[in-house]
Amino acid sequence: MYQMGEKIKFALYGSSHGPYVGCILEGLPAGMKVNLESVSKYISLRKPQSGIGTGRKEDDIPEFVSGLHNGITDGNPIDIRIANKNIRSSDYSEYNYKPRPGHADLPAVAKGIDVVGGGPFSGRLTAAVVAGGSVARQFVKQKNIEISAFTRSIGSVKDVKERTFRDSLASEIYATRACSSFLDVDMREEIETAAEMGDSVGGVTECIVTGLPIGFGGIRFNALDSEIARAMFGIPACKGIEFGKGFALSEMKGSESNDQYCYKNGIKTLTNNLGGLVGGMSDGAPLVFRCAFKPTPSISRIQSTVDLRTDETTEIQISGRHDPCIVPRVAVVVESMTALVIADQIGRGY
Ligand SMILES: Cc1cc2nc3c(=O)[nH]c(=O)nc-3n(C[C@H](O)[C@H](O)[C@H](O)COP(=O)(O)O)c2cc1C
């Protein structure tokens with residue numbers, strides 16, 4: 001099992017080509033009503049969309065094995081599992097000796113891990129992340145904390161507008177999780193063009209969190225940004241994260257980057273360059289961060305690899321069902337991970 005959290009703990013289990021993927025969420029108070037329709041809604045947002053996602057379609061029906069009684073938490077760990085029904089392990093048979101460039105096969109095999117189905121590195125496990133994260137999201141919403149993510153860019157198509165929490169929520173109706181229908185069309189085309197050429201594209205997901213009170217968040221290694229960054233790197237294919245203006249802050253003057261304060265029905269910031277965090281704690285402005293996701297490694301173009309049986313350079317052409325871009329599916333995964341981190345920080349009294 002792969003675990004995170006101290007008070008509200010989250011563990012992932014299962015594998016892409018085993019009977020289930022699942023999660024255990026421990027530490028939520030007894031007596032909390034869980035809206036199961038909401039959990040299913042978020043699980044659906046992770047499903048691949050025709051033409052721009054993998055051909056592997058799953059029902060993804062969450063089964064609450066323990067921790068819920070008549071839809072109310074009973075104080076036991078919440079165990080949610082999701083059956084894998086659409087498995088084709090033959091697609092993966094050669095990766096244990098011919099590792100896919102860009103995927104985790106080579107180091108995984110060196111560790112003695114079977115990479116059928118992508119092993120523990122498969123994006124499939126994020127179905128369970130969304131299941132558990134959607135319950136955690138309901139817990140944090142009780143504190144008026146809300147989380148939404150959208151697609152900032154896919155390949156060369158970039159959304160250059162400032163986006164509000166409301167804009168981000170609106171992305172839920174678009175397959176690419178773009179904030180507008182125009183961007184949705186362009187981003188879809190970018191993915192389809194790459195796929196037609198046997199290639200893949202990456203992109204950037206932006207997440208906005210509202211309702212964090214001033215001072216919320218741990219300190220140093222427990223800081224909200226530290227723990228969010230750690231959680232985001234637990235999402236396969238995440239290669240970078242920046243808070244607020246992130247790397248661009250390094251080129252600004254202090255007079256430009258500081259978010260100055262004013263009093264207007266409470267303490268407010270005049271700008272939000274720092275993404276709502278100072279010292280790893282909330283300054284009351286929306287928390288804003290962006291994650292960069294690399295292009296999907298499994299592409300159908302011929303690539304150079306090695307045959308681990310003979311120690312010779314050889315070629316690989318990957319067939320099977322893969323996402324030409326994971327960004328449309330990953331927005332809800334980012335939201336779910338964020339909910340799990342914030343829930344745990346609430347549990348720890350931050
Ligand atoms: C939702 C989701 C779906 C994914 N689908 C695929 C896929 O279809 N094919 C693939 O090669 N990688 C896919 N990935 C990415 C790989 O899991 C990831 O690149 C691999 O585990 C190597 O890890 P790294 O990219 O973090 O180094 C997916 C990731 C996520 C989050």
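This passage describes the ligand site, the ring contacts and several loop residues of a predicted model.

Residues are numbered from 1 along each chain as its sequence is written, and side-chain values use heavy atoms, with hydrogens and water left out. In this predicted model, local features need pLDDT of at least 70 and side-chain atom pairs count only at pLDDT 80 or more, whereas totals for chains, interfaces and linings use all residues.

The ligand is surrounded by 18 residues, of which Phe121, Ala237, Lys294, Ser298 and Asp323 come nearest; a residue is counted here if one of its heavy atoms lies within 4 Å of the molecule. Sorted by class, this shell contains eight nonpolar, six polar and four charged residues. In this sorting, Ala, Val, Leu, Ile, Met, Phe, Trp, Tyr, Cys and Pro count as nonpolar, Asp, Glu, Lys and Arg as charged, and the others, Gly among them, as polar.

Several polar contacts join the protein and the ligand. A polar contact is a pair of N or O atoms within 3.5 Å; within protein, one must be able to donate a hydrogen and the other to accept it, and residues adjacent in sequence count only if both atoms are side-chain atoms. The side chain of lysine 294 places an N or O atom 2.8 Å from an oxygen atom of the ligand. Histidine 322 also uses its side chain, with a polar atom 3.0 Å from a nitrogen atom of the ligand. Aspartate 323 takes part through its backbone, where an N or O atom lies 2.9 Å from an oxygen atom of the ligand. On its own the ligand has 620 Å² of accessible area, and the protein covers 88% of this. Accessible areas come from the Shrake-Rupley method with a 1.4 Å probe; for residues, only the protein chains shown count as cover.

One aromatic pair is found in a search of the whole structure. Rings of Phe, Tyr and Trp (its six-membered ring) pair if their centres lie within 6.5 Å; planes under 30 degrees apart count as stacked, over 60 as edge-to-face and the rest as tilted. The pair is formed by phenylalanine 243 and phenylalanine 289, and it counts as tilted because the ring planes are at 40 degrees, with the centres 5.6 Å apart. Phenylalanine 243 belongs to strand β11 (residues 238–243) and phenylalanine 289 to strand β16 (residues 287–293), so that the pair links distant parts of the chain, 46 residues apart. Helices (H or I, at least four residues) and strands (E, at least two) are DSSP runs, numbered from the N terminus. Phenylalanine 243 is buried at a relative accessible area of 16%, and phenylalanine 289 is buried at 0%. Buried means under 20% relative accessible area, exposed over 50%, and partly exposed in between (1.4 Å probe, protein chains only).

Rings also meet charged groups. The charged end of arginine 81 sits over the ring of tyrosine 20, at 4.2 Å from the ring centre. The face of tyrosine 97 is covered in a like manner by arginine 309, 3.6 Å from the ring centre. A charge sits over a ring if NZ of Lys or CZ of Arg is within 6 Å of the ring centre and within 35 degrees of the ring normal.

The loop between β7 (78–83) and α2 (105–110) holds arginine 100, and asparagine 84 lies in the loop between β7 and α2 as well. Arginine 100 is buried, with a relative accessible area of 2%. Its C-alpha is 7.0 Å from that of serine 298, although 198 residues separate the two in sequence. Asparagine 84 is buried at 8%. The side chain of asparagine 84 has a polar atom 2.7 Å from the backbone oxygen of serine 15 and makes a polar contact of 3.5 Å with the side chain of arginine 56.

Serine 200 is placed in the loop between α5 (181–196) and β10 (203–210). This serine is buried, with a relative accessible area of 10%, and its side chain reaches the backbone oxygen of threonine 296 at 2.7 Å.

Two residues that are not glycine have a positive phi. For aspartate 60 the angle is about 55 degrees; this residue lies in the loop between α1 (36–45) and β4 (62–66) and is buried at 7% relative accessible area. For asparagine 144 the angle is about 65 degrees. Asparagine 144 is in the loop between α3 (126–141) and β8 (146–154) and is exposed, with a relative accessible area of 60%.
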